[in-house]
Structure formats: C-alpha cells, structure tokens
Amino acid sequence: MIWLPVLGLVVGVALGLVTHVAIPVAFSSYLSIAILAALDTVLGGIRASLEKSFDGAVFLTGFFTNTLVAALLAYIGNQLGVDLYLAAVVAFGVRLFQNIAAIRRNTFLLLRQRKIKRDNATRHIQS
C-alpha cells in the first residue's frame, strides 16, 4: 500500500501545477501549515507502509485531522495576534525529518536484504 500516499502526493502536486490557483497573501500561513501537515501525513504513511503497519483509515483520518487542526491553530493565532502557527511548523518539521530518516533507514534495510537474497540465490545456482 505504499502507492496510496505517493499517488496522493503526485496528484496533489500535479493539480497544483496545472490549475494555477492564486492564494491571497492573507491565507499563506494557513496554506503553508496545511501543506506541512499534509506532507507529514504522507511521509508517515510511507513510513508505516515500509514498516508494514499501514492502515488506510488511520492515514485518511490523520491527514484531515492534522490539516484541520493546524489550520485552526493558525487561525486562532491570527485572532490572538500571536504566531501560534510556528508551534505547528516546528512540530511538523521535526516529524517530517523523523519520518524521512525512518524511510531512509527502512529503504536501506530493504535494499540490503534484497542484495543478500540475490547473492544467496547466485551462490545456490553456482554450487
């Protein structure tokens, strides 16, 4: 199921590039935090898929909940005159890097396991 979050990311980026939607500057903080939340969820989905613990319901509810809560936090911050969205930016930024590191580790582990299997198969054929 690794293809679902990757497909969602590709479709979203393609739609963004094709539609040329202009976002008013007043909404830029909302959009930026929503994009961070969405990226966090997508990378978390890829990580869960590599760790064989992916659940589609958890992925979809996490995607919408994280995005809405982040936008709400930015809205409340704007109403109070406090940059509350920075708290979400830091939290999502840390999680993004943690997910990227886990994806990298899992990918290297998978590649090493495939190489070992290939080497063992080659030795078996030669003997």
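This passage describes the nonpolar core, the annotated segments and two loop residues of a predicted model.

A good place to begin is the inside of the protein. The largest nonpolar core has 17 residues. Those with the most contacts inside this core are Ile 33, Leu 36, Leu 43, Ile 46, Ala 70, Phe 92 and Ile 103. Three helices each supply at least two residues of the core, namely α2 (28-50), α3 (56-80) and α4 (85-126). Among the contributors, α2 provides the largest share, with nine residues.

Phe 92 is a helpful residue to look up in the structure. Which residues does Phe 92 touch, once those up to four places away in sequence are not counted? The contacts of Phe 92 are Ile 33, Leu 36, Ala 37, Asp 40, Asn 66 and Ala 70. Three of these names, Ile 33, Leu 36 and Ala 70, also appear with Phe 92 in the list of core residues with the most contacts inside the core.

The UniProt record adds another view of the chain. Its unreviewed entry lists residues 26-46, 58-78 and 84-103 under "transmembrane region". In the model, residues 58-78 are 100% helix and 0% strand, and the C-alpha atoms at the two ends of this segment lie 30 Å apart. For residues 84-103, the chain is 95% helix and 0% strand, with 29 Å between the end C-alpha atoms.

Not every helix residue is hidden away. Is Gln 79, a residue of helix α3, buried or exposed? Its relative accessible area is 53%, so Gln 79 counts as exposed, the cut-off being over 50%. Gln 79 also offers a simple comparison of sequence and space: Gln 79 and Ile 23 are separated by 56 residues along the sequence, and their C-alpha atoms are 20 Å apart.

The loops hold two further residues to find. Most residues other than glycine have a negative phi. Against that background, His 20 has a positive phi of about 55°, although it is not a glycine. His 20 sits in the loop between α1 (3-19) and α2. With a relative accessible area of 68%, His 20 is exposed.

Lys 52 makes a natural companion to this example. This residue is not a glycine either, and Lys 52 too has a positive phi of about 55°. The loop that holds Lys 52 runs between α2 and α3. Lys 52 is exposed because its relative accessibility is 74%, and the cut-off for exposed is over 50%.

Methods
Residues numbered from 1 in each chain as written. Predicted model: local features only at pLDDT ≥ 70, side-chain atom pairs only at ≥ 80, totals over all residues. Heavy atoms only, no water. Core = buried A, V, L, I, M, F, W, Y, C linked by side-chain atoms within 4.5 Å. Buried < 20%, exposed > 50% of the residue type's maximum accessible area, 1.4 Å probe, protein only. Helix = DSSP H or I, 4+ residues; strand = E, 2+ residues; numbered from the N terminus. Contact = heavy atoms within 4.5 Å. UniProt positions renumbered as here; feature names shortened; annotations may be inferred.
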